[in-house]
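Thanks for coming. I will walk through one chain today, part by part, and take a few questions along the way.

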Amino acid sequence: MSLSLHPDTARAGTLPSVAPGEVAFGETAGRGIRMRLFTKYVALFVAVVAIALLANGLFEVFFYYREHKASLIRVQHEQAEAAAAKIGQFVKEIESQLGWTTQLPWSGGSIEQRRFDALRLLRQVPAITELAQVDSTGKERLRVSRLAMDALDSGIDLSSDPKFTEAVAHKVYYGPVYFRRESEPYMTLALAGVRRDAGVSIAEVNLKLIWDVVSQIKVGEHGHAYVVGPEGRLIAHPDISLVLRNTDMSGLPQVRAALAGSGTVTEALSEARNIQGQKVLTASAPIEPLHWTMFVELPVEEAYAALYASLQRLAVVLLAASIFAVLAGIFLARRMVGPIQALRSGAERIGGGDFSQRISIKTGDELEELADQFNDMGVRLQESYADLENKVEQRTAELRESLQQQTATADVLKVISRSAFDLQTVLNTLVGSAARLCDADEGTIFRPSAGVFHLAASCGLDAEQENKLRTFASVPERGSVVGRTLLDAKTVHVPDVQADPEYAPSSVRRRSNVRTMLGVPLLREGTPIGVFVLTRHMVRPFSDKQIELATTFADQALIAIENVRLFEEVQERTRELSQSLDELRAAQDRLIQTEKLASLGQLTAGIAHEIKNPLNFINNFSAVSTELIDELNEILQSASLDGKTREEVEELTGMLRGNLEKVVQHGKRADSIVRNMLLHSREGSGEHRAVDINAVVEESLNLAYHGARAERPAFHVTLQRAFDPAAGMVDIYPQEITRVFLNLISNGFYAAAKRKESEGDSFAPTLSATTKNLGGSVEIRIRDNGTGIPPEVKEKMFNPFFTTKPAGEGTGLGLSMTHDIVVKQHGGTIDVNTEPGVFTEFIITLPRTMATGSTAGSTPGSTLGGKS
């Protein structure tokens with residue numbers, strides 16, 4: 001048998017062959033040596049195998065025991081956690097059922113409905129034995145119980161009870177476990193409503209029903225689960241008699257350890273004795289937020305039964321393996337030690353990547369054939385590996401590049417979807433991703449502003465270079481890549497800008513370390529609206545794939561820009577349409593109001609004309625009757641009447657004369673009302689134009705003051721003016737607004753004069769007029785220090801025909817028409833600030849420009865000469 005290993009080099013050789021004359025000696029010597037060596041090898045092989053198997057078996061037994069124990073503990077703990085989760089779910093379901101009783105606020109008529117809901121809850125949730133509902137003040141309003149009489153509006157004050165205070169503070173309160181009649185475990189569950197006026201629902205929960213949940217938990221064949229409260233008392237156990245006896249479990253070591261360790265038993269106490277004294281494997285888990293503890297216990301004999309069986313099987317396997325090792329050692333030591341070593345060494349080298357390794361075994365049997373197969377496999381692996389390595393590297397590079405592109409594209413699309421209208425964020429993400437995937441040192445995007453192109457987004461630039469590019473204005477030209485791209489409206493690739501004859505370097509634009517540049521235009525309908533630029537600091541041209549990728553990112557940037565532009569156009573158009581709609585609605589409202597007022601004016605004119613003639617007859621005949629009474633008195637003076645008759649006649653004629661004077665007085669007032677109604681129904685000028693509001697107020701002050709002086713020469717008032725020069729021109733109906741000011745000023749004069757009559761010379765009548773610019777509108781204030789307006793009068797002062805002046809001094813139409821002119825005709829506002837006995841101030845706000853479509857025909861009232 002000849003053995004050799006050679007890696008196709010001169011350092012490998014073959015074993016030396018035996019000379020022909022030395023065969024007999026060699027065979028005899030070799031036979032004797034082989035027997036002794038064989039024995040040694042067999043003994044050594046058996047010893048090594050036996051020791052290895054024994055050591056392996058001991059280690060397997062030791063570690064298997066530890067792992068099995070740890071696995072059992074872990075399974076027990078998982079069962080405890082699962083059981084705790086079931087108990088927690090049981091309590092949460094009760095809490096969920098209780099929650100719908102706190103949805104509605106308390107009201108006087110809701111007690112019967114709440115009692116019906118409480119009874120239905122007791123039927124649906126057997127665990128709840130008593131339900132009390134407390135209002136937001138802590139008073140018990142309702143109590144429904146399975147064990148006692150129901151109570152309505154008992155009024156028990158629970159405002160300081162933890163069941164109420166803790167529920168209000170934390171929305172839910174889990175009370176401690178207690179035992180009724182020292183046998184049945186109970187727990188208080190209080191739940192506050194989401195709204196504060198919904199109150200608190202307090203339920204007493206019978207925990208004996210948790211027995212169903214605990215009984216369903218299967219722990220092996222003889223194991224069981226149970227629940228212990230925070231004081232160590234048994235709450236739930238498959239043996240219900242233990243619960244009903246109020247069993248105290250705090251004497252067990254595992255219970256004490258769990259209570260001290262927040263519901264978890266330490267690993268040192270995983271084995272303990274249960275309440276019957278049986279040794280068990282125990283695990284626990286806390287049930288939050290109830291502060292209970294779930295215990296799961298399994299007898300040690302059952303827990304380790306599989307381990308004991310496994311140990312027995314392992315002992316049998318070890319014995320059989322030892323016997324087999326002896327037999328195999330005897331057989332293999334004779335035929336396979338040498339060739340196997342050679343094969344192993346060669347296989348290790350081939351497995352290590354040395355595919356040039358060759359194994360030479362000359363045994364003439366399967367081992368030699370196996371060595372030849374190893375050698376052939378090495379040749380094929382060497383050839384395949386060289387080709388496969390190249391393919392794997394190429395494919396890995398392609399996949400990595402494709403993955404990076406897809407990831408970057410996904411990131412960009414994600415940014416576009418999240419920040420669809422935050423263009424700067426999208427552009428920054430695009431330029432950063434493009435620079436990274438195209439292996440560029442810098443990336444920039446230029447967008448137009450005021451006819452030139454400025455830097456809009458960048459990546460890889462330092463602060464100084466970025467500031468330079470932001471202040472530099474790029475224009476279409478051949479001297480820069482940005483300008484050339486704008487000029488040609490196509491992609492421009494310059495492998496080396498320093499070797500490009502058209503490139504004009506500038507320290508303002510780019511630094512001298514820029515060598516390779518790529519510019520991609522952002523085209524909208526064939527016109528560039530931006531440029532996407534990538535640069536490298538070394539002469540390293542971009543590949544076609546990178547150029548295509550940069551073009552893709554440029555298209556995405558263009559889409560983002562167009563999305564923002566379209567969104568802004570839609571927003572602007574929406575604002576314009578909304579403004580037009582508002583103006584059309586205002587014009588429509590004014591047109592309808594004008595038509596109504598025109599119809600009312602025609603009706604008023606007709607009624608006033610019909611009343612005018614009878615009223616004139618009443619006034620005229622009243623005056624004539626007064627004269628006839630005077631003539632009657634003269635005739636009676638010459639008549640011979642006794643004293644008593646004469647007195648009666650004079651008294652009757654005097655009463656008749658007084659009645660006729662009152663008829664004349666009220667007739668004149670009615671005549672004044674009719675005249676004002678006729679003036680009110682008269683059509684206005686129908687023309688509005690821009691006028692100086694300060695001039696209109698000044699003219700109204702002068703007209704009203706001189707009119708008051710002409711009517712009452714002794715009248716005197718101090719006029720104060722505070723005109724804002726910025727008030728300027730206002731688009732109004734000048735005649736109508738002038739009548740508004742005249743009416744308000746005349747009313748102010750009247751109020752000041754009345755206060756002057758009551759307070760005497762110590763009072764100085766004052767009236768002030770101010771204007772103020774409010775941008776799109778102007779404000780006019782007319783203030784007097786007269787008698788003021790009482791609150792009850794202020795509420796009705798703008799109603800038609802309402803007046804507080806004596807008969808003959810006012811018609812009640814002035815302020816009504818003032819309101820219509822300012823609000824309905826001009827779209828302004830009028831407000832009043834007053835303090836009885838101190839002052840009255842009218843505040844008028846007029847828009848500078850009347851809305852399109854404002855009425856130009858009849859007005860709500862053209863004359864306000866009537867006093868209010």
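Which residues of α13 are buried? Before the reply, one caution: what you see is a predicted model. The buried residues of α13 are V481, V482, G483, R484, T485 and L486. Helix α13 covers residues 481–488, and with six of its eight residues buried, it is largely enclosed by the rest of the structure. What do those buried residues pack against? They pack against β14, β15, β16, β17 and β18. Just past the end of α13 comes A489, with a positive phi of about 55°.

Those strands deserve a look of their own. They make an open sheet of five strands, and reading across it the order is β15-β14-β18-β17-β16, with antiparallel pairing. At the edges are β15, residues 452–459, and β16, residues 492–494, each pairing on one side only. On average, neighbouring strands in this sheet are turned by 20° against each other, ignoring direction. Inside the sheet, β17 (residues 516–524) and β18 (residues 527–536) run antiparallel and are joined by eight bridges. One residue pair to find on the screen is T516 with its bridge partner R536 in β18. A further helix, α12 (residues 463–471), lies across β14 (442–449) and β15, and it runs at about 155° to β15.

Let me step back to the whole chain. How many helices and strands does the secondary structure come to? The count is 19 helices and 25 strands. There are 868 residues in the chain, and buried residues make up 41% of them. Take the contacts between residues at least 6 apart in sequence: 62% of these join residues at least 24 apart. The exposed area of the chain is about 46,500 Å², and carbon and sulfur atoms supply 57% of that.

Now to a second five-stranded sheet. This one is also open, with the order β9-β8-β12-β11-β10 and antiparallel pairing. Its edges are β9 (234–236) and β10 (271–273); each has a single partner strand, so one side of each is left without a neighbour in the sheet. Here the average turn between neighbouring strands is 45°, again with direction ignored. Strand β11 (residues 279–287) runs antiparallel to β12 (residues 292–299), and eight bridges join the two. Within that pair, I287 has W292 in β12 as its bridge partner. Helix α6, residues 253–260, packs on the sheet and touches β8 (224–228), β10, β11 and β12. The direction of α6 makes about 145° with that of β12.

W292 turns up again in the next item, the nonpolar cores. The largest core has 50 residues, and those with the most contacts inside it are I87, I210, V227, W292 and M294. Which helix gives the most to this core? That is helix α1, residues 23–99, with 10 residues. If you click on M294 and leave aside its neighbours within four places in sequence, its contacts include A80, A83, A84 and I87. Also among them are V227 and I287. A second, separate core has 36 residues, including V696, I745, V778 and L846.

Last, the stretch around strand β2. Strand β2 spans residues 128–134 and is mostly covered, with seven of its seven residues buried. Six bridges join β2 to β7 (residues 200–206), and the two run antiparallel. In that pairing, E130 stands opposite E204 in β7. Strand β2 also pairs with β3, in the antiparallel sense, over five bridges. There, Q133 has L142 in β3 as its bridge partner. The hairpin of β2 and β3 has five residues between the strands, and in it G138 takes a positive phi near 95°.

One residue of β3 is worth a closer look: S145, in the strand that covers residues 140–145. Is S145 buried or exposed? Its relative accessibility is 11%, and the cut-off for buried is under 20%, so S145 counts as buried. A polar atom of the S145 side chain lies 3.2 Å from the backbone nitrogen of A148. Beyond its neighbours within four places in sequence, S145 is in contact with L122, T129, E130 and D150. E130 is the residue we just met opposite E204.

That is the tour; questions are welcome.

Methods:
Residues numbered from 1 in each chain as written. Predicted model: local features only at pLDDT ≥ 70, side-chain atom pairs only at ≥ 80, totals over all residues. Heavy atoms only, no water. Helix = DSSP H or I, 4+ residues; strand = E, 2+ residues; numbered from the N terminus. Buried < 20%, exposed > 50% of the residue type's maximum accessible area, 1.4 Å probe, protein only. Polar contact = N/O pair within 3.5 Å; in protein donor to acceptor, adjacent residues only side chain to side chain. Contact = heavy atoms within 4.5 Å. Pairing = 2+ DSSP bridges. Axes fitted to C-alpha atoms, helices over the stretch in contact; angles between N-to-C directions. Core = buried A, V, L, I, M, F, W, Y, C linked by side-chain atoms within 4.5 Å. Areas by Shrake-Rupley, 256 points an atom, 1.4 Å probe, with all protein chains shown as cover.
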